[in-house]
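Got the viewer open? Let's walk through this one stop by stop, picking selections as we go.

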Amino acid sequence: MSEYRADERRYEMIGYRRTGRSGLRLPLVSLGLWHNFGGVDVYENGRAMVRRAFDLGITHFDLANNYGPPPGSAEENFGRLLARDLKPYRDELIISTKAGYLMWPGPYGEWGSRKYLIASLDQSLKRMGLDYVDIFYSHRPDPDTPFEETMSALDYAVRSGRALYVGLSNYSAEQTRAAVRILKDLGTPCLIHQPRYNLFDRWVEGGLLDVLDDEGIGAIPFSPLAQGLLTNRYLNGIPADSRAASDTSPFLSARDVDATLVKVRRLNEIAHARGQNLSQMAVNWLLRLPTITSVLIGASKVSQIEDIVGGLSNAQFSARELADIEHVLTM
Ligand SMILES: NC(=O)c1ccc[n+]([C@@H]2O[C@H](COP(=O)([O-])OP(=O)(O)OC[C@H]3O[C@@H](n4cnc5c(N)ncnc54)[C@H](OP(=O)(O)O)[C@@H]3O)[C@@H](O)[C@H]2O)c1
């Protein structure tokens with residue numbers, strides 16, 4: 001039996017925003033389990049992060065079929081800690097998963113066919129020990145499968161009781177508009193879009209955010225800290241326990257750290273002048289936009305989650321601060 005009792009004051013710790021024009025509210029910050037929750041990671045550390053996050057009012061946990069490594073192991077670990085700690089709180093949780101990237105060999109193990117999406121969702125539910133997920137995403141657009149097929153699989157996921165809502169991830173503005181129209185016709189509106197968006201990667205400003213505004217869809221940006229670059233993590237070198245130093249994480253390298261360090265130092269100064277640290281400013285810079293429902297962070301330590309939630313008090317930026325940030329980004 002679990003000894004965990006959630007903090008009774010958890011809903012006083014963080015704000016919540018409505019997801020687009022839907023009825024669902026999400027916390028200003030959500031926790032993603034892409035890194036640090038896999039089979040190669042320390043289970044008790046991941047467990048402590050999820051428990052602390054929930055105690056801080058973070059109700060939304062984001063997964064995908066392939067999170068690990070090995071693929072699937074983040075969902076397995078999350079299932080374990082759900083069973084041990086969070087089961088009594090299931091109705092207070094928004095759990096998402098996705099399918100789109102490679103999960104098993106052969107022609108049905110990735111992309112956007114109905115065959116893959118439904119089989120993958122069934123596997124995810126089994127790994128997590130859940131009857132349903134709250135949000136099921138198409139993780140990436142499939143250039144070879146008609147959107148009608150991918151969207152009808154999302155619609156079926158909801159109608160068959162496997163998911164409550166559906167979302168899109170990594171779809172361009174045009175692809176989103178097309179997919180959203182199909183979902184609307186099917187009667188399963190798109191709830192949310194999950195794009196990469198941070199101070200260093202602003203592609204969504206070229207049309208996607210406008211589509212989401214028009215359609216009343218929420219946005220939950222991933223990698224808001226550019227995987228740790230937009231923090232104080234690398235100001236004095238590459239710590240041995242950081243993502244850039246990790247063998248199991250090929251997505252962030254020492255070269256990325258070197259390439260951004262000058263800008264990071266300048267942004268860090270702007271953050272300090274605002275009374276925030278850089279990670280706090282990076283999250284608030286996203287939250288200044290009403291289209292952003294929740295900012296989807298990753299973490300390797302409980303203290304990082306506390307740091308971000310503790311810095312949510314100021315999402316107002318003066319024109320001068322925004323201009324200073326633009327100046328650094330275009331240096
Ligand atoms: N839909 C998609 O295609 C997609 C793709 C990528 C991610 N995602 C989702 O987005 C989530 C977040 O992505 P991400 O992990 O790249 O996000 P991120 O928030 O940009 O980076 C997280 C990393 O930043 C560092 N960090 C976090 N808080 C910090 C703090 N307060 N101070 C100093 N360093 C801090 C940690 O690095 P260290 O580990 O070095 O300590 C942490 O692992 C994922 O878990 C996943 O759910 C989705």
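Which strands does helix α5 (residues 173-186) lie across, and at about what angle does α5 run to β8? Select α5 and you'll find β7 (163-169) and β8 under the helix's path, with α5 running at about 160° to β8. Axes here are lines fitted to C-alpha atoms, for helices over the stretch in contact, and angles run from 0 to 180 degrees between N-to-C directions. Helices (H or I, at least four residues) and strands (E, at least two) are DSSP runs, numbered from the N terminus.

Two notes before moving on. Residues are numbered from 1 along each chain as its sequence is written. This is a predicted model, where local features need pLDDT of at least 70, side-chain atom pairs count only at pLDDT 80 or more, and totals for chains, interfaces and linings use all residues.

**Next stop: the sheet.** Color the 8 strands and follow the order β9-β8-β7-β6-β5-β4-β3-β10; they form an open sheet with parallel pairing. Strands pair if DSSP finds at least two bridges between them. At the edges stand β9 (218-219) and β10, each with a single partner strand, so one side of each has no neighbour in the sheet. Zoom in on β9: this strand pairs with β8 (residues 190-194) in the parallel sense over 2 bridges. Pick Ile192, and its bridge partner in β9 is Gly218.

**Then a pair of helices.** Select α1 (residues 43-55) and α2 (residues 73-86). Their axes come within 10 Å and cross at roughly 55°. That makes α1 oblique to α2 (under 35 degrees would be roughly parallel, over 145 roughly antiparallel, 65 to 115 roughly perpendicular, and the rest is oblique). Show side chains for Tyr43, Gly46, Arg47, Val50, Arg51 and Phe54 in α1, which meet Asn77, Leu81, Asp85 and Leu86 in α2. Contact means C-beta atoms, placed from the backbone, within 7 Å.

**Stay on α2 and add α3 (residues 114-128).** These two pack at about 40°, with axes 7 Å apart. Glu75, Glu76, Phe78, Gly79 and Leu82 of α2 make the contact with Ser124, Arg127 and Met128 of α3.

**Last stop: the ligand.** Select what surrounds the ligand and you get 30 residues, the closest being Gly32, Trp34, Phe222, Gly228 and Gly298. A residue counts if its C-beta atom, placed from the backbone, lies within 6 Å. β10 (295-297) and α9 (302-310) are the elements giving two or more residues to this shell, and α9 has the largest share, 3 residues.

Note on methods. Contact = placed C-beta atoms within 7 Å.
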